[in-house]
Amino acid sequence: MQQYFKLFDFSQKVNYKTEVLAGLTVAMTMIPESLSFAILAGFPPLVGLYAAFIMGLVTAIFGGRPGLVSGGAGATVIVLIALMKSHGLDYVFAAVALAGVIQILIGVFKWGKFIRLVPQPVMYGFVNGLAVVIFMSQLEQFKTMVNGQSVWLSGSPLFVMLGLVALTIGIVIGFPKITKAIPASLVAIMVVFALVFGFGIQTKTVADIASVSGGFPPFHIPSIPLNLETFQLILPYGLIMACVGLTEGLLTLNLVDEITATKGNGNRECIAQGSANILNGFFFGMGGCPMIAQTLVNLSAGSRARLSGIVAALTILCIVLFGAPVIEKLPMAALVGVMIMVSIGTFEWSSFRIINKMPKQDIFVGIVVALITIFLHNLALAVLIGVIISALVFAWESAKRIRAKKYLDEKGVKHYEIYGPLFFASTTAFAEKFDVLNDPHEVIIDFRESKIADMSAIDAVHKITERYAKVGKTVHLHHLSEDCCQLLQNATGIIEVNIIEDPTYRVVSN
């Protein structure tokens with residue numbers, strides 16, 4: 001268990017002051033976001049804060065890496081809106097718990113490694129799209145409710161809001177030039193709070209979003225029928241939520257790996273997320289996943305250990321229990337300014353510098369992923385489409401690489417030396433290399449520089465040898481690797497392939 005509690009190994013170098021201050025900063029930025037997502041989905045506001053506390057605490061202690069911050073994220077909450085409207089909150093909690101079970105299974109079976117299939121252009125698109133989403137979500141704070149309708153601020157309230165946001169951004173940019181001992185984001189929040197409170201400035205506060213006061217998360221068993229019909233109802237929501245959470249979480253983990261030049265554990269993160277979501281389902285939380293914005297706030301504040309995440313989660317709980325009257329007076333302008341700087345820091349500005357050096361298909365993939373993230377807010381779908389496009393492009397490019405060197409030896413035997421992988425996309429080009437009618441009676445197809453990769457490749461080999469057999473000519477397959485031979489042997493029940501007995505498929509040795 002030492003690996004889970006490495007935080008408490010005092011031989012580890014941990015800057016406790018930095019970790020505590022980073023945790024406080026993260027908590028300040030997480031509260032309004034969790035409340036906003038909960039209200040957006042039609043949940044009671046405290047459901048969002050409970051999720052932030054449970055997700056943050058469990059994943060900070062047991063998660064796949066230090067520095068990663070989890071909470072009640074909008075990416076997973078959006079999935080549950082339809083279920084909330086159609087069946088109510090108890091079904092949502094059941095779906096959240098089921099999503100947790102699915103995530104634990106993915107971690108136990110070590111399926112988290114499939115995140116390696118996400119190429120760099122998809123990562124660029126994901127990060128850039130998310131940066132835009134974070135920025136655009138802050139614009140909602142420049143609106144107010146008038147006669148039950150949301151309208152943009154105007155006049156003095158707008159100028160006050162803009163001025164306080166600009167002051168926050170200025171402090172976040174300028175304060176690190178003075179000292180980095182205290183996170184600039186926390187300093188900005190405290191300065192703007194003191195200014196608003198001291199001078200009695202009228203501006204939008206956390207209280208205008210929702211009340212954050214309450215008790216300890218209550219234990220609650222979802223009141224739903226325990227039957228197959230209920231399971232079939234919540235399974236799609238739980239499965240989608242699990243996939244969205246793990247996709248965002250593992251991509252965020254990879255991003256933190258790059259920033260900190262360290263290596264996290266994706267499968268452990270899956271198990272931690274799943275465990276936290278199961279607790280959410282039974283302790284009145286809306287569920288969640290790692291939050292890239294808060295994670296970047298945490299890292300920019302200097303955190304590199306698990307303590308900051310624990311402090312952030314406990315701070316949120318203490319605020320719910322005791323500190324709501326103070327926190328509700330925090331000006332939203334300060335939090336908006338911090339999140340705007342986070343969005344600027346999240347954006348991969350280097351992608352503009354290398355855009356002329358990247359292949360056109362990679363640029364296309366990055367733009368598509370970013371646009372889907374921005375307009376649909378569906379991170380899992382964006383990444384999935386990006387991976388599919390990248391895979392198809394790779395298959396197409398690989399298919400063009402297959403070629404054949406042809407020559408006759410002194411015995412009059414025709415040799416075809418195949419170069420490049422033989423798989424579903426290259427079978428047509430492979431078949432076009434052969435001149436069946438004009439070739440001599442004996443042909444050798446040499447696979448020294450090639451590989452039979454899949455069922456389509458086996459079928460292509462079968463068809464070309466069949467064509468030669470029909471005109472009374474013999475084909476030898478040369479230099480097949482052991483796994484290629486095994487593929488051909490395994491295929492005998494599907495197509496007529498027998499590399500031992502059938503002379504058409506004889507494999508000659510060196």
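Student: Is the crossing of α5 past α12 left-handed or right-handed?
Tutor: The label depends on how the near helix is turned from the far one: anticlockwise by less than a right angle is left-handed, clockwise is right-handed. Helices here are DSSP runs (H or I, at least four residues; strands are E, at least two), numbered from the N terminus. On that rule, the way α5 passes α12 is left-handed.

Student: Before we go on, what pLDDT do local features need in this model?
Tutor: Residues are numbered from 1 along each chain as its sequence is written, and side-chain values use heavy atoms, with hydrogens and water left out. It's a predicted model, where side-chain atom pairs count only at pLDDT 80 or more, totals for chains, interfaces and linings use all residues, and local features need pLDDT of at least 70.

Student: Back to the helices: at roughly what angle do the axes of α5 and α12 cross?
Tutor: Two packed helices are described by the angle between their axes and the distance between the axes. Axes are lines fitted to C-alpha atoms, for helices over the stretch in contact, with angles from 0 to 180 degrees between N-to-C directions. Helix α5 covers residues 120–138 and helix α12 covers residues 332–346. Their axes come within 8 Å, and the crossing angle is roughly 165 degrees.

Student: Are α5 and α12 roughly parallel or roughly antiparallel to each other?
Tutor: Angles under 35 degrees count as roughly parallel, over 145 as roughly antiparallel, 65 to 115 as roughly perpendicular, and the rest as oblique. The axes of α5 and α12 cross at roughly 165 degrees. So α5 and α12 are roughly antiparallel.

Student: Which residues of α12 make the contact?
Tutor: Contact means heavy atoms within 4.5 Å. On the α5 side you'll find V127, A131, I134, F135 and Q138. Facing them from α12 are L335, V336, M339, I340, S343 and T346.

Student: How many Å apart are the axes of α5 and α14?
Tutor: Helix α14 spans residues 360–376 and packs on α5 at an angle of about 30 degrees. This crossing is right-handed. The contact takes in P121, V122, G125 and F126 of α5, among others, and residues of α14 including V365, G366 and V369. The axes are separated by 7 Å.

Student: Is N128 buried or exposed?
Tutor: N128 is in helix α5 and, leaving aside neighbours within four places in sequence, touches F347, E348 and S351. Buried means under 20% relative accessible area, exposed over 50%, and partly exposed in between (1.4 Å probe, protein chains only). With a relative accessible area of 10%, N128 is buried.

Student: What are the degrees between the planes of F53 and F216?
Tutor: The structure holds 14 aromatic pairs (rings of Phe, Tyr and Trp, the last by its six-membered ring, with centres within 6.5 Å; planes under 30 degrees apart are stacked, over 60 edge-to-face, the rest tilted). One of them is F53 with F216, edge-to-face at 6.2 Å centre to centre and with a plane angle of 70 degrees.

Student: How many residues apart in sequence are the parts tied together by F53 and F216?
Tutor: F53 is buried at 8% relative accessible area, whereas F216 is exposed at 52%. F53 belongs to helix α2 (residues 45–62), and F216 to the loop between α7 (184–199) and α8 (228–260). So the pair links parts whose separation in sequence is 163 residues.

Student: What is the pair of F423 and F424: stacked or edge-to-face?
Tutor: The ring centres of F423 and F424 are 5.2 Å apart, and F423 is buried at 10% relative accessibility. With the planes at 90 degrees, the pair is therefore edge-to-face.

Student: Which ring does the charged end of K143 sit over?
Tutor: The test needs NZ of Lys or CZ of Arg within 6 Å of the ring centre and within 35 degrees of the ring normal. The charged end of K143 is 4.7 Å from the centre of the ring of W152.

Student: Which residue has a positive phi of about 55 degrees although it is not a glycine?
Tutor: Most residues other than glycine have a negative phi. F284, in the loop between α9 and β4 (289–290), has a positive phi near 65 degrees. The residue you want lies in the loop between α8 and α9 (266–282) and is exposed, with a relative accessible area of 71%. With its phi of about 55 degrees, that residue is A261.
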